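Have your viewer ready and keep the selection box at hand. This tour goes stop by stop, with something to pick at each one.

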Amino acid sequence: MILKTPEKFTRQFGKAESKGYQSPEVWSKVTGKAVYGIDLTLPGMLHGKILRSPFPHARIKQVDTRAAEALPGVRAVLTGAELENRPFGIAVEDELPLAADKVRYIGDEVAAVAAVDLQTAERAIKAIKVEYEELPAVYDPVEALKDEAPLLHDNFPGNIAWQREVERGSLSAAFTEADLVVEERFTVPAIHPAYLEPIACIAVNDPYTGITLHTALQSPDAVREIVARVLKYPLSKVNINGPVMGGGFGGRVYGNLKVYILSALLAIKSGSPVKIQLTREEEFTAGRPMIAAVIKMKMAVRSDGTILGREADIITDNGAYSAQAPWVSKTLSERNDSVYRIPAIKTRVRLAYTNKVPTGQYRAYGNQAANFATESLIDIAAKKLDLDPLELRLKNCVREGDTTVHGLQIGKCGLAECLQAAAKEIGWDRKKAGRGYGLSAAIHANGSLVFDKNFRGASALVRLELDGRITIFTGEQDYGQGTHAAFAQIAARALDVSPVQVTVESKQTKTAPFSTGALAMRQTTVGGKAIQLAAEDLREKIFKAAAELVGEPVAMENEVLRSISGQELELAEVAYHYHSATSGLRMTGEGKFVPAESDYDESGYGNISLTYSFASHAVEAEIDQATGELIIHRLVAVHDSGRIVNHLTARGQVYGGAAQGFGMSCFEGYLFDQGRVANASLADYKIPTALDLPQIDPLFIEIEDPAGPYGSKGLGEIVMVPVLGAVANAAADAAGVHVTDLPLTAEKIYQALAGWECEL
Amino acid sequence: MKKQVIIFQLNDEPVEIYVDPAESLLTVLRDRLGLYGTKAGCSKGECGACTVLLDDRAVNSCLVPVGKVQGCKVETIENLSRGGKVHPIQEEFVDKGAVQCGFCTPGMVLSAYALLKENPQPARDQIKMAISGNLCRCSGYKQIEEAILSAAKKLARQGNSIT
Amino acid sequence: MSYLTVSTLEEALTSLSDSSGKARVVAGATDLFLQDLPHSLVDLSALPEITVVEEKDGLISIGAAVTHTAAASSSLILARARALAEGCSAVGSPQIRNIGTIGGNVINAAPAADAAVALISLGAEAVLIDVNRETRQEAVENLYWTYNRSLVDSSKEILLRLLVKPCLGGEGSAFTRFAVRRALALPMVNAAARVKLENGLVKKVRLVAAPVRPAPTRLIQTEELVINQPVDKDTLKRVEVSAAGEVEVRGSQLRCSARYRQHLVGVLIARVLKIAADRADPGKAGD
């Protein structure tokens, strides 16, 4: 069932959102009053600037800071020599706050200064003299794995930051039984999240209360722990206050740790607040894009279209340091295996160090990069077998009750319905001449049960204020994706109040409940469940206190609290009664949502998430044969994200995610020249403008999933996954040839059409 | 360059500053005049977050040396919602879900404002063209376009002039 | 004196001569922050005589400080020099077009500046005046020195206006470009054409493509090829081959390879010639 008009469901989430309830923060944003990280200043604040390596790989022989220190207005100069040589990291500990002996990429942090203004800080940076001894460098991840390649880190032999090999089922049997084996090599470049606000942080050091970082993060709790560990501060003496966040998309889960650590160190050394703000160029050259990947993939298929097995050899490009790249590599290497019933798989994935910008994470965590490969390969197989790509997908796609090849337990699942709806809507049965059509399918987890085993769930507090309003305390951050609106709606529904009565507080780590962060598409399903439980707990407390007050049982109906004899009560009265009875407490509901532990074993087999979201996208496209230009006419995005909490913001997620998928498909990607980022600006790293995007039609298959609050589940990350496969397949259908190297530029498509040898 | 006195009309009020005329209008607005509603996304004319109106035309304030605004009229996002009132364009941005992270929003609203001043009933393609210098990474632009269409209709219904 | 917005030409010239080479003129000033700042700037954008588009002595006169937005929406330019309107609408973004000027597009001497490509295809002439009050008139393509460097010394000389012969009966012009993105993008190739047809045959033609050399480049051999030919499928095929064969281009990592760019020159020149020829229908009053 497809519901284009949401009235039926929105009513269940309260009255105020007949047009789509939104957080009150939108009003400060639309009037220009919202305060972002770059807008903050504090009295006495200094400006910090980082000196970066001009070489891709070099030994630091000497750093002379005397001239910089002598400049009037310079308050602190910091080099690696002053700091303890103890690496930190996220997935792998391989970074230092400032390079001590070696630099490993153009942009590596060598020194930092704090000065009274930015111009002085910039002058001071230029005044620092560094003597380098250049070392041979390696830029290609495939080359980096060869024996003769220069070694980046002594303790990571072979330049392997992380690797994994996994085999499930009998792959040799699959390939023996196969009627057809298809094989391709796919490449995906590094992608920057390109949030519009550059990262900025003000660090304040107070001898009594410790370090406060004013910076917007998707996972402030995780960053807080790392910063405390690096500074050797007790955890309670590091706090993060989040201003409004100008976009995240995974890029601000850990953000740029160097910026937070160096601003803190400069604040400690100078005794004043220090602000470091990255320039747009630094965002590209020293930010944390998602890994590039080379994916060699082989698939065994029976002539009736049954997928028998798949083998992949994947090399991902870590750049100089690891951040979350091992985890992204893992998701990239395996999540797509669970879209279809594939009985046997074998995957090797190696994460290679190269002398390039270090990597991090981006919306969909590599699942979209793999979707490009797996979904292209399915269409290649369908063509060779002369089967309908839709039928082939329907024949193999996972269904409710399945356990996938990696042990994922598929609960509520509308994948087949998504595929059928996407095909129907794009006109699969009445294709226009001269147009190409592409389909794809995707699965994405809803939070991880294994990422941090000890924090599989979420918690929240929901408080009744003395005026009868409701406040939610959560560690889950909202940066425009609509999480807090959804939370307000969920709490409002549990309490039977209007969402406009609900305020969400999340910005300070020292008071908010802990959260693993806005990642892994966990907020609505896991975070929202905690809100629901907390609100239900509060509701029981309200009923109890109200019953005490009036001497008979009470209930909420249509937003009115009423006793059985019909006496109406204001929530404020109940709040005040409790407040005075406890000499000052405010009535607070606690929500602790702790999912059962996963059966995940050492090989990585097991159910890694509470539940899964599904999607299928369909694209109609055209190729200009003379230039190779790919013209996309329409994208239909069909999603099973359970019951949709808020259709307005859900549509916004689909449009935005589809736009990012479109950008990654058609023109985004890092370009390097001898380790230097060649397109380090928003003019040269091109994200789509309003003129570039096709018509996008979101559709929701609303299958209630009991795993999430009121049947809902996650949407924000999966929206970008199937775009890649659908665009690639539509392009290939229109061109008659598959381009396997992202992005699908006109030039590459033309080269394929003209049969040119690849020159890029 | 040597500092000089620059006098211009800012949000309907005269402003006089003593400043290096080669400094960008963006940094003058934010760092000297405290108008932080104008956002700095790239400072090179590549993202449109710093869009303001200069004599009724949308421009990238990061590319305008402040010496150039001598005697001119400058309008920023702060001028659209004075005295607690919110402009219909802003209402429609909220109503249509056009605001996500919000960082591009002030510039986007001002591009819409400039468009509607000149063309009160724009077609969707004209809207896309008018905001093509304003990058947004969150929204895919669709709800922004809907908001501008809807604001145009609302203004026409109210018989209001844009200002 | 450091930043001076002048209101008369006399004031501008006096300022330049007074600062003996240390000042230079600007109009839109959008590229100011990309360069080293001179000692002082003379802003011409408020000079009434160079901010108008008018028909004068049978020519279209476009003031050097006319913005791209103004040129793109000028009814005179739309009716009689359509390539220029199209070139101006392709520049950067609305914000940049609102302040950047036609004169700046020429004097900044970018190899593929959209307005300049259109102007050269139209056969535009530039009118300049120097600090000695001497004026000269020069074809736009002769103002280029090398990549991003004009022969016009902005500390001594002011570009006043661009003169274009209007496209009248039987004449048409067009501009097109090919870029990765539809806004905020430099082109892989841009191309413009002006053509005059008589009895369905090409009598006069100017074909320009960029970036080919430091200046937008006329494709002389291809122009000769189409003279006295009808603009039909067969001719366009030959134009495509000839245009691609006539140019030697450079590749760039950010945009495209040399081979593909060369191919695009052929495709775009053929396309733009076709559009210009369609507009040159003698039944119409011009393009």
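What follows is a walk through selected residues and helices of a predicted model.

**Stop 1: where two chains meet**

Select residues 647–666 of chain A, which form helix H17, together with residues 142–158 of chain B, which form helix H5. Their axes lie 9 Å apart and the packing angle is about 125 degrees. Angles from 65 to 115 degrees would count as roughly perpendicular and those over 145 as roughly antiparallel, so H17(A) and H5(B) are oblique to each other. Now show the side chains at the contact: H17(A) brings A:Leu648, A:Arg651, A:Gly652 and A:Tyr655, while H5(B) brings B:Lys142, B:Gln143 and B:Glu146.

**Stop 2: the surface of chain B**

Stay with chain B and pick B:Val5, B:Ile7 and B:Tyr18, which make a nonpolar surface patch of about 290 Å². B:Tyr18 belongs to strand S2, residues 13–19 of chain B. Is B:Tyr18 buried or exposed? Its relative accessibility is 54%, so B:Tyr18 counts as exposed, the cut-off being over 50%.

Next, go to B:Ser43, in the loop that links helix H1 (25–32) to strand S3 (51–54) of chain B. Check the backbone here: phi of B:Ser43 is near 60 degrees, a positive value in a residue other than glycine. With a relative accessible area of 46%, B:Ser43 is partly exposed.

**Stop 3: over to chain C**

Another positive phi is waiting at C:Ala29, near 65 degrees, again in a residue other than glycine. You will find C:Ala29 in the loop between strand S2 (23–26) and strand S3 (40–43) of chain C. C:Ala29 counts as buried, because its relative accessibility is 11% and the limit for buried is under 20%.

Then move to C:Pro211, in the loop between strand S13 (201–210) and strand S14 (217–218) of chain C. The bond to look at joins C:Ala210 and C:Pro211: this peptide bond is cis, with omega about -10 degrees.

Now select C:Arg255, in the loop between helix H9 (233–246) and helix H10 (258–279) of chain C. Which residues does C:Arg255 contact, leaving aside neighbours within four places in sequence? From chain A there are A:Asp684 and A:Glu747, and from chain C there are C:Leu186, C:Pro187, C:Met188 and C:Arg261. Try a distance label from C:Arg255 to C:Leu186: the C-alpha atoms are separated by 8.3 Å, although these positions lie 69 residues apart along the chain count. C:Arg255 is partly exposed, at a relative accessible area of 22%.

**Stop 4: finishing in chain A**

Select A:Pro743, in the loop between helix H18 (721–735) and helix H19 (746–754) of chain A. The peptide bond from A:Leu742 to A:Pro743 is cis, and its omega is near -10 degrees.

Next comes A:Glu465, in the loop between strand S19 (458–464) and strand S20 (470–473) of chain A. At 12% relative accessibility, A:Glu465 counts as buried. Beyond residues up to four places away in sequence, A:Glu465 touches A:Thr471, A:Ala575 and A:Arg586.

For the last pick, take A:Thr483 in helix H14, residues 483–495 of chain A. A:Thr483 counts as buried, with 4% relative accessibility. Show A:Gln477, A:Asp478 and A:Gln523 as well, since A:Thr483 is in contact with these residues when neighbours within four places in sequence are left aside.

Key:
Residues are numbered from 1 along each chain as its sequence is written. Chains are lettered from A and ligands numbered from 1 in the order in which they are written. This is a predicted model: local features need pLDDT of at least 70, side-chain atom pairs count only at pLDDT 80 or more; totals for chains, interfaces and linings use all residues. Side-chain values use heavy atoms; hydrogens and water are left out. Patches are made of residues with over 30% relative accessible area and no salt bridge: like charges are joined within 9 Å, nonpolar side chains (Val, Leu, Ile, Met, Phe, Trp, Tyr) within 5 Å. Accessible areas come from the Shrake-Rupley method with a 1.4 Å probe; for residues, only the protein chains shown count as cover. A salt bridge is a side-chain nitrogen of Lys or Arg within 4 Å of a carboxyl oxygen of Asp or Glu. Helices (H or I, at least four residues) and strands (E, at least two) are DSSP runs, numbered from the N terminus. Buried means under 20% relative accessible area, exposed over 50%, partly exposed in between (1.4 Å probe, protein chains only). Axes are lines fitted to C-alpha atoms, for helices over the stretch in contact, and angles run from 0 to 180 degrees between N-to-C directions. Angles under 35 degrees count as roughly parallel, over 145 as roughly antiparallel, 65 to 115 as roughly perpendicular and the rest as oblique. Contact means heavy atoms within 4.5 Å.
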